[in-house]
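Here is my note on this model, point by point. Please keep the viewer open while reading.

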Amino acid sequence: SPDTFVELSQEGGDVLAWSQNDAAANAGGWRYGFNAADADGSVSGFATLGLAYAENFGATVPAFVKSELIKWITYDQCADGGAGYTACPGSNLYRTGHLITMMAFVGDTPATPRMDNALTYIESNWALPLPEGTSFLGTWSLMKGLSYAGVNQLDLDADGTRDDEWFNADPTTGDDLATYTIGLQQVDGGWGAGGFYEGSSAALKAAFALLVLVRPVMIAPRPA
């Protein structure tokens, strides 16, 4: 009989668990090949997202995956609280969105010091477009990381309190993700071409812009 969605999720999760890097230097992360000798924060974030979906759907993720992932989180988090690419330094908001996803997956909350440090990095560098350049892949990474971690508000006005809505502020201040994304939509319905990560692909840029806007159905916050 055909596999159920839960069975397919388990099979996908098993592949990701098997492909996790176990090389000493970059243990716990993922790269472009299975069980590669190195890892990077971008691929590791996408792999973790797949595992998070599988777990939410009822798949069992082996305990070693999370304990190994903590090794990568520790390695990839830089002194400024953000995340590098294959090593520190090199933090930016896109990479730190992935880092938040990984932290939430292993059970961290905003009260966990390393996640608090990552959130502080995001707050200190928040700008739209992103400091690294216009990119809906970048804003999507922030959206899915913060959403999965259950972080609905940040301290964006530097008053010491995380009470500022980062997704859809009302009244808007113009620096929330929904207002920013909608404001860049063009008359043809798309978002044009070009982007720091999307390159010349208008389709890819539109896809990630829409993924930012469907936050409510993107991924459920990690169960407490």
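1. Where is the place of leucine 8? Leucine 8 sits in helix H1, which covers residues 5-19. Helices here are DSSP runs of H or I with at least four residues, strands are E runs of at least two, and both are numbered from the N terminus.

2. A word on the basis. The model is predicted: local features need pLDDT of at least 70, side-chain atom pairs count only at pLDDT 80 or more, and totals for chains, interfaces and linings use all residues. Residues are numbered from 1 along each chain as its sequence is written, and side-chain values use heavy atoms, with hydrogens and water left out.

3. Back to leucine 8. Its relative accessible area is 41%, so leucine 8 is partly exposed. The classes are buried (under 20% relative accessible area), exposed (over 50%) and partly exposed (in between), with a 1.4 Å probe and protein chains only. Leucine 8 joins Phe5, Val6 and Phe57 in a nonpolar surface patch. Together they have about 410 Å² of accessible area. Helix H1 gives the most to this patch, with three residues. Patch members have over 30% relative accessible area and no salt bridge; nonpolar side chains (Val, Leu, Ile, Met, Phe, Trp, Tyr) are joined within 5 Å, like charges within 9 Å. Areas come from the Shrake-Rupley method with a 1.4 Å probe, and for residues only the protein chains shown count as cover.

4. There is also a negative patch. Asp3, Glu7, Glu11 and Asp14 form it on the surface. Glutamate 11 lies in helix H1. Glutamate 11 is partly exposed because its relative accessibility is 39%. For sign, Asp and Glu count as negative and Lys and Arg as positive, while His and the chain ends are not counted. Each charge is placed at NZ of Lys, CZ of Arg, CG of Asp or CD of Glu.

5. How many salt bridges does the count come to? The count is seven. The rule asks for a side-chain nitrogen of Lys or Arg within 4 Å of a carboxyl oxygen of Asp or Glu.

6. Take aspartate 40 and arginine 31. They form a salt bridge, with the closest N and O atoms 2.5 Å apart. Aspartate 40 has 0% relative accessibility, so it counts as buried. Arginine 31 is partly exposed at 21%. Asp38 belongs here too: Arg31, Asp38 and Asp40 are linked in a network of salt bridges.

7. Two further bridges deserve a look. Glutamate 68 pairs with lysine 71 through a salt bridge, the closest N and O atoms being 2.8 Å apart. Why are the two separated by about one helical turn? Because they are three residues apart in helix H3, residues 63-76. Glutamate 68 counts as buried at 19%, whereas lysine 71 is partly exposed at 45%. The other bridge joins arginine 114 to aspartate 108, with closest N and O atoms 2.5 Å apart. Arginine 114 is partly exposed, at 22%. Aspartate 108 is buried, at 10%.

8. Serine 141: buried or exposed? Buried, because its relative accessible area is 0%. Serine 141 lies in helix H6, residues 136-148. Leaving out residues up to four places away in sequence, serine 141 touches Tyr94, Gly97 and His98. Contact means heavy atoms within 4.5 Å.

9. Now the loop between H5 and H6, where proline 131 is found. Proline 131 is exposed, given its relative accessible area of 55%. Not counting residues up to four places away in sequence, proline 131 touches Leu93 and Asn125. Its C-alpha is 19 Å from that of glycine 192, 61 residues apart in sequence. In helix H5 (residues 113-125) we find threonine 120, partly exposed at 34%.

10. Last, glutamine 185. It lies in the loop between helix H7 (177-183) and helix H8 (202-213). With 38% relative accessibility, glutamine 185 counts as partly exposed. Beyond neighbours within four places in sequence, glutamine 185 contacts Gly190 and Trp191. The C-alpha atoms of glutamine 185 and alanine 209 are 8.8 Å apart, with their positions 24 residues apart along the chain.
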